[in-house]
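I opened a new notebook page for this one. I'll jot down what I look up, one topic at a time.

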Amino acid sequence: MNITIIGRKCTPRESFKERAEQKLKKVEKFFGPDADAKVTASVEKSAKVVEITLSKGGYIFRAQERSQDMEDALDTCVDSLIRQIRKNKTRLEKRIHELSFDDVFNAPEEEEPEFEVVKTKSVIVKPESVEEAILQMNLLGHQFYMFRNSETDLLNVVYKRKDGGYSVLEPTNE
C-alpha cells in the first residue's frame with residue numbers, strides 16, 4: 001500500500017508514522033498492495049484530527065476522527081474505515097474483482113441492503129461564484145448545493161463540513 005502522511009499545523013512524529021503504517025496493514029488485506037492511502041494529521045484548538053483517505057480502482061473511502069491524543073484519533077479512524085469497508089464488502093468484491101459466472105451464482109446468498117431512491121428532483125443550475133453558492137445553500141437551509149461555477153463553467157457541489165467550514169467538489173478526469 002502506498003502511504004502518504006501529511007501534517008497540517010504540525011509535524012507528525014516518527015512513532016506516529018510507524019503506527020499509521022502498522023494500522024493500515026489491517027486495511028491492506030481488503031485492497032491489496034496497490035492501493036493508495038493518504039493520512040492527514042492536524043492540530044486544532046482543542047483536539048488532534050486524523051483524516052485517512054483510501055483509494056483503489058476508482059473507489060474512495062474516507063474517515064476523519066478527532067481526539068485529545070493523535071494516536072487515539074488514528075486508531076478510531078482506522079476502525080471507522082474498517083467498518084465502512086466491511087459494510088460494503090460484498091458490493092465492492094463484485095465490482096473490484098472479476099468473478100466467474102459460477103462464483104457469482106453458486107456463492108451463498110447474503111442479504112444486501114437495497115438503495116431506494118425515494119425522490120427525484122430537478123434543479124435549475126445557473127452560473128454562480130462559490131461565495132454565491134454558499135450563500136444560496138445557507139438561505140435554503142441545505143447541507144449541500146449544486147451549481148455551475150462561473151469561473152470554470154463546470155458543475156460543482158458545495159457542502160458544509162462537520163467542522164463548520166465549507167468544501168467544494170469539482171469534477172476531474174483523473
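**Entry 1: the sheet.** I began with the open sheet, in which four strands line up in the order β1-β2-β3-β4 with mixed pairing. I'm taking strands as DSSP runs of E with at least two residues, and helices as DSSP runs of H or I with at least four, all numbered from the N terminus. Two strands pair if DSSP finds at least two bridges between them. At the edges I found β1 (2–8) and β4, each of which pairs on one side only. From one strand to the next the twist averages 15 degrees. For such values, axes are lines fitted to C-alpha atoms, for helices over the stretch in contact, and angles run from 0 to 180 degrees between N-to-C directions.

**Ground rules.** I noted that this is a predicted model, where local features need pLDDT of at least 70, side-chain atom pairs count only at pLDDT 80 or more, and totals for chains, interfaces and linings use all residues. Residues are numbered from 1 along each chain as its sequence is written, and side-chain values use heavy atoms, with hydrogens and water left out.

**Entry 2: the hairpins.** How many bridges hold β2 and β3 together? I read eight, in the antiparallel sense, between β2 (residues 36–43) and β3 (residues 48–56). Four residues make the hairpin link from β2 to β3. I picked out one bridge here: Thr40 has Glu51 in β3 as its partner.

Then I moved one strand along. β3 and β4 (residues 59–67) run antiparallel and are joined by nine bridges. Val50 stands opposite Glu65 in β4, and Leu54 stands opposite Phe61, also in β4. The β3–β4 hairpin has two residues between the strands, and Gly57 takes a positive phi near 60 degrees there. A reminder to myself: in a regular strand the side chains alternate between the two faces of the sheet.

**Entry 3: helix α2.** α2 covers residues 70–87, so 18 residues, and spans 26 Å from first C-alpha to last, close to the 26 Å expected at 1.5 Å a residue. The expected span is 1.5 Å times one less than the number of residues. α2 lies across β2, β3 and β4, at about 145 degrees to β4.

Which residues of α2 are buried? My list reads Met70, Ala73, Leu74, Asp75, Cys77, Val78, Ser80, Leu81, Ile82 and Ile85. Buried means under 20% relative accessible area, exposed over 50%, and partly exposed in between (1.4 Å probe, protein chains only). Another reminder: an α-helix has 3.6 residues a turn, so residues three or four places apart point the same way.

I took a look at Ser80, which lies in α2. Ser80 counts as buried because its relative accessibility is 11%. Leaving out residues up to four places away in sequence, Ser80 touches Ala63 and Glu65. A contact here means heavy atoms within 4.5 Å.

**Entry 4: α1 against α2.** α1 (residues 14–31) packs on α2 at an angle of about 5 degrees, the axes being 10 Å apart. That makes α1 roughly parallel to α2. The cut-offs are under 35 degrees for roughly parallel, over 145 for roughly antiparallel, 65 to 115 for roughly perpendicular, and oblique for the rest. The α1 side of the contact includes Phe16, Leu24 and Phe31, and the α2 side includes Met70, Leu74 and Ile85. By class I get 11 nonpolar, one polar and seven charged residues in this contact. Nonpolar covers Ala, Val, Leu, Ile, Met, Phe, Trp, Tyr, Cys and Pro; charged covers Asp, Glu, Lys and Arg; the others, Gly among them, are polar.

**Entry 5: two spots in β6.** Is Tyr145 buried or exposed? Tyr145 is buried, at 13% relative accessible area, and sits in strand β6. Not counting residues up to four places away in sequence, Tyr145 touches eight others listed here: Glu128, Ala133, Gln136, Met137, Leu140, Asn156, Val157 and Val158. Tyr145 and Ile134 are 11 residues apart in sequence and 7.5 Å apart in space, C-alpha to C-alpha.

Asn149 is in β6 (residues 144–149) and is buried at 4%. With the same sequence neighbours left out, Asn149 touches Glu128, Val130, Leu154, Asn156 and Glu170.

**Entry 6: the whole chain.** I counted up last: the protein chain has five helices and eight strands. Of its 174 residues, 27% count as buried.
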